[in-house]
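The following paragraphs are intended for a reader who meets this structure for the first time. They begin with the ligand and its surroundings and then turn to individual residues of the protein.

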Amino acid sequence: MQDDEQRAFRPEPAAVAPQRRTADGLAFPAIGLGSLEARGSDGVAAVTSALGLGYRLLDTAFIYDNEGTVGRALRTAPVPRDDVVFSTKLPGRAHSADLALQYVEESLFRSGLDHLDLVLIHWPNPRIGLYTEAWRALVEARERGLTRMIGVSNFLPDHLDRLIDETGVAPAVNQIEVHPYFPQLDLQAENARRGILTEGWSPLGRGTDLLEHPVVRRIAEAHAVSPAQIVLAWSVTLGVIPLPRAADPSWQAENLDVFAIQLSEDEVAALSGLARPDGRVSGQDPRTHEEF
Ligand SMILES: NC(=O)c1ccc[n+]([C@@H]2O[C@H](COP(=O)([O-])OP(=O)(O)OC[C@H]3O[C@@H](n4cnc5c(N)ncnc54)[C@H](OP(=O)(O)O)[C@@H]3O)[C@@H](O)[C@H]2O)c1
């Protein structure tokens with residue numbers, strides 16, 4: 001790729017996702033692209049479009065069976081590799097020192113990249129109780145240069161404390177379910193207290209009526225933006241890094257264009273007030289949910 005071509009393709013700086021910083025001072029995009037259903041050439045086209053629009057964080061996982069798709073889009077899009085965080089997740093079946101390193105390497109091979117940027121432990125699987133062993137392997141993967149950053153997903157405060165107490169290494173990120181029906185404000189605060197960035201999965205409340213909720217619609221109309229933009233602006237205002245998934249380029253663009261929306265304290269409180277004890281999109285409680 002010629003430098004000229006890269007420059008020609010690069011969106012205006014204002015359109016590229018703003019950056020946050022990890023506790024180690026590394027740049028980290030303030031919004032990312034979810035990729036749950038992105039596979040094959042349609043998936044490559046969707047991720048390529050998102051990169052062209054300014055997304056710089058790509059969320060995938062070993063169990064999504066699409067690290068190849070997301071990696072291919074990243075390898076072929078005329079976007080500087082170093083500007084992008086390619087994030088994947090270690091499956092529960094690999095919670096042992098040897099297997100974890102093999103699976104990180106397998107993710108690397110599938111992606112076709114020469115390094116990963118972030119590897120998360122996908123779920124703690126506390127009944128099995130081997131997540132600390134998996135974490136030690138991720139620390140080693142980072143030391144070997146297989147990935148630049150390491151983190152966790154769906155970890156509760158006791159899981160975080162066990163990792164930190166036993167290894168002395170805190171995750172850069174904890175990716176958890178966050179949307180107005182299930183805000184997890186306490187867990188967000190627990191992450192922040194430990195210097196851990198919170199990423200939010202299912203930020204649009206996938207499969208629920210969240211985007212039709214009268215409170216969401218009322219606030220969207222007041223700001224002349226879409227319901228999806230309002231719930232993403234709510235995430236961003238709380239300090240969460242949302243990971244909306246969208247295949248449609250116009251939805252991708254809409255979802256990225258949320259950083260100028262100024263919600264009032266009352267509006268943030270009204271959206272957080274939609275929380276329900278059973279608000280999870282698919283009932284996955286990290287205390288009991290198992291993923292392999
Ligand atoms: N760590 C974990 O355990 C975990 C669990 C779940 C998800 N995740 C990650 O989080 C990402 C996002 O979560 P999700 O995929 O569950 O759901 P989501 O992002 O909350 O919602 C995705 C749905 O919203 C639609 N959509 C996108 N933009 C829209 C807009 N502007 N207006 C209206 N509808 C819109 C999408 O349409 P299309 O289908 O047409 O694109 C899709 O059907 C995942 O893709 C995955 O990367 C992680």
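In this predicted model, an oxygen atom of the ligand lies 2.6 Å from an N or O atom in the side chain of Arg206. The protein covers 85% of the 910 Å² of accessible area that the ligand has on its own. Two further approaches involve oxygen atoms of the ligand. At Ser202, an N or O atom of the side chain is 2.7 Å from a ligand oxygen, while at Pro203 a polar backbone atom is 3.4 Å from a ligand oxygen.

The wider setting of the ligand may now be described. The ligand occupies the largest pocket, and 27 residues surround it. The closest of these are Asp59, Ser202, Leu204, Arg206 and Arg245. By character, the shell around the ligand comprises 13 nonpolar, 9 polar and 5 charged residues. Helix 10, which spans residues 249–256, gives the most to this shell, with 3 residues.

Attention now passes to two residues located in strands. Asp117 belongs to strand 5, formed by residues 116–121. Is Asp117 buried or exposed? Its relative accessible area is 1%, and Asp117 is therefore classed as buried, since the limit for that class is under 20%. The side chain of Asp117 has polar contacts with two other side chains: one of 3.2 Å with His115 and one of 2.9 Å with Arg148.

Lys89 is part of strand 4, residues 85–90. Lys89 likewise counts as buried, because its relative accessibility is 1%. Along the chain, Lys89 and Ile150 are 61 residues apart, yet a distance of 9.6 Å separates their C-alpha atoms.

Two loop residues deserve notice for their backbone geometry. Most residues other than glycine have a negative phi. Asp65, however, is not a glycine and has a positive phi of about 55°. Asp65 is placed in the loop between strand 3 (57–59) and helix 3 (67–76). With a relative accessible area of 53%, Asp65 is exposed, because a value over 50% defines that class.

Asn125 also has a positive phi, near 45°, although it is a residue other than glycine. Its loop runs between strand 5 and helix 5 (131–143). How does Asn125 stand in terms of accessibility: buried or exposed? At a relative accessibility of 1%, Asn125 counts as buried. Of these two loop residues, then, Asp65 is exposed, whereas Asn125 is buried.

Note on methods: Residues are numbered from 1 along each chain as its sequence is written. This is a predicted model: local features need pLDDT of at least 70, side-chain atom pairs count only at pLDDT 80 or more; totals for chains, interfaces and linings use all residues. Side-chain values use heavy atoms; hydrogens and water are left out. A residue is near a molecule or strand if one of its heavy atoms lies within 4 Å of it. A polar contact is a pair of N or O atoms within 3.5 Å; within protein, one must be able to donate a hydrogen and the other to accept it, and residues adjacent in sequence count only if both atoms are side-chain atoms. Accessible areas come from the Shrake-Rupley method with a 1.4 Å probe; for residues, only the protein chains shown count as cover. On a 1 Å grid over the protein atoms alone, a cavity is a set of points where a 1.4 Å probe fits but cannot get out, and a pocket is an open set with protein on both sides within 12 Å along at least five of seven lines; lining residues have an atom within 4 Å of a point. A molecule sits in a cavity or pocket if more than half of its atoms lie within 2 Å of its grid points. Helices (H or I, at least four residues) and strands (E, at least two) are DSSP runs, numbered from the N terminus. Ala, Val, Leu, Ile, Met, Phe, Trp, Tyr, Cys and Pro count as nonpolar, Asp, Glu, Lys and Arg as charged, and the others, Gly among them, as polar. Buried means under 20% relative accessible area, exposed over 50%, partly exposed in between (1.4 Å probe, protein chains only).
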